[in-house]
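User: I'd like a close look at one part of this structure, with its surroundings explained step by step. Here is what I have in front of me.

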Amino acid sequence: MYQNGSTETTPFRVLVVDDDRILRKMHKMMLTRLGIEVEVAVNGKEAVDLHLAGASFHLVLMDLQMPVMDGSQATKELRGMGVTSPIVGVTAACAEKAAFLASGLTDCVSKPLTISKIANYLPAPSNHTNN
Amino acid sequence: MLVGFGAERLGADMNRLLALLFHQGVLDEQFLQLQQLEDETSPNFVSEVVSIFFHESEKLLTSLRSLLMMVEGDHDQDHEGGLEYGKIGVHLNQFMGSSSSIGAKRVRNVCLAFRAASDHHNRHGCLRALEQLEHEYCYLKNKLHEFFQLEQQKVLAAGVRYPMNHYNNNININS
């Protein structure tokens, strides 16, 4: 659980957007082991639809090349909807990094994803003390 | 007492095999990161992920070969050839992503060279890279199968201890 500055303690939620089954499984496990709540989307359209349905996340990890809707388009749409959460691109396609960033990403990291690459976007765990 | 000796020896064999694969550059430290995600709540996580990798990789290799067969000649600049090379690039990015995430370093490096040839519409270069990719993938698959077989044997060998320890613990509790 992570303190969000309010009187409530809410779980830190991350959305993993990737069409690759392996990467969805690995990234979800990586984050779940830290006590983070993880939801997955298999393409950019699913990520947008989740937000349209009212879901919100503290962090979005966005792959670039996906069928139906790619990461660039999904990021533009999310920003257009007013989503202000950090959206971090995760890509093996280094040549397209600049264009991906220009779509509205907060940051872009190379695959393989590691916790250290996104540590700045993950809060420290709470100390579970009552004030 | 030979109980457990088999498990220890199998563990040593596993470590030797991994050390060899690291030394050969077949695997890199990302494989260790993958192993660290496995625990008692997900005891088969590594083998599950690697199984998915094998399944997806074989589909990608089949697609890559089909696409290359559709391209005619080197430096094909016509519209259809460009489309095939574009699709090859997409498949290779996917292959690079998944191979780097499990630590399959040599597979990933060949994908990089393949993508360079594809970007230049170099059909012969792509065919050479595809053959090399198939070779590296087969080697990796065989070695990882060997590793997981050793792991299964080790689990079975270690399982022989449990009835002995359980019996001994019950004797201690009841005395």
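Is Asp63(A) buried or exposed, and what is its relative accessible area? Please take me through the strands and contacts around that residue, then out to the rest of the model.

Analyst: Happy to! One thing to keep in mind from the start is that this is a predicted model. Asp63(A) has a relative accessible area of 4%, so it counts as buried. The residue belongs to strand β5 of chain A. There is also a database note for this position: an unreviewed UniProt entry lists Asp63(A) under "modified residue: 4-aspartylphosphate".

Let's see what surrounds this side chain. Setting aside residues up to four places away in sequence, Asp63(A) touches Val17(A), Asp18(A), Asp19(A), Gly71(A), Val90(A), Phe100(A) and Lys111(A). Two of these names are worth following outward: Val90(A), which leads to the next strand, and Phe100(A), which will come back when we reach Ser72(A).

Start with Val90(A). This residue is part of strand β6(A), where it shares one side with Val88(A), while Ile87(A), Gly89(A) and Thr91(A) are on the other. Both faces of the strand are covered, and every one of those residues is buried. With 5 of the 5 residues in 87-91 buried, β6 of chain A is largely enclosed by the rest of the structure.

β6(A) has pairing partners that you can trace in your viewer. Strand β5, residues 59-63 of chain A, pairs with β6(A) in the parallel sense over 4 bridges. If you want a specific pair to look for, Val60(A) has Ile87(A) as its bridge partner. Between these two strands the chain passes through helix α3, residues 71-80 of chain A, and this β-α-β crossover is right-handed. β6(A) is also joined by 4 bridges to strand β7, residues 107-110 of chain A, and the two run parallel. Here a good pair to find is Gly89(A) with its bridge partner Cys108(A).

Now to helix α3 itself. Ser72(A) is found in this helix, and at a relative accessibility of 13% it counts as buried. Beyond its neighbours within four places in sequence, Ser72(A) is in contact with Leu64(A), Ala99(A), Phe100(A) and Ser103(A). Phe100(A) is therefore a shared contact, since it touches buried Asp63(A) as well as Ser72(A).

Helix α4 of chain A, residues 97-102, offers a contrast, through Ala98(A). Ala98(A) has a relative accessible area of 59% and is exposed. Ala98(A) and Ala119(A) are 21 residues apart in sequence, and their C-alpha atoms are 22 Å apart in space.

As a bench biochemist you may wonder about the cysteines. A disulfide is a covalent bond between the sulfur atoms of two cysteines. Counting sulfur pairs within 2.5 Å, the model has 0 disulfides over all chains. Cys111(B) is in no disulfide, and the nearest cysteine sulfur, that of Cys126(B), is 12 Å away. Cys111(B) is buried, at 0% relative accessibility. Cys108(A), the bridge partner of Gly89(A), also counts as buried, at 6%.

Stepping back, chain A has 5 helices and 7 strands, arranged along the sequence as β-β-β-α-β-α-β-α-β-α-β-α. Of its 131 residues, 46% count as buried. Chain B is built from 7 helices and 0 strands, and buried residues make up 43% of its 175 residues.

Finally, the nonpolar packing brings the two chains into one picture. The largest nonpolar core has 53 residues, and those with the most contacts inside it are Leu34(B), Phe53(B), Phe95(B), Phe114(B) and Leu133(B). Helix α1 of chain A, residues 21-32, supplies at least two residues of this core, as do several helices of chain B, including α3 (45-70) and α6 (123-159). Phe53(B) shows the link nicely: among the residues it touches are Ile22(A), Phe95(B), Tyr137(B) and Leu140(B). A second, separate core of 19 residues includes Ala41(A), Phe57(A), Met62(A) and Met66(A).

Terms used: Residues numbered from 1 in each chain as written. Chains lettered and ligands numbered in written order. Predicted model: local features only at pLDDT ≥ 70, side-chain atom pairs only at ≥ 80, totals over all residues. Heavy atoms only, no water. Buried < 20%, exposed > 50% of the residue type's maximum accessible area, 1.4 Å probe, protein only. Pairing = 2+ DSSP bridges. Right-handed = clockwise from strand over helix to strand, strands pointing away. UniProt positions renumbered as here; feature names shortened; annotations may be inferred. Contact = heavy atoms within 4.5 Å. Core = buried A, V, L, I, M, F, W, Y, C linked by side-chain atoms within 4.5 Å.
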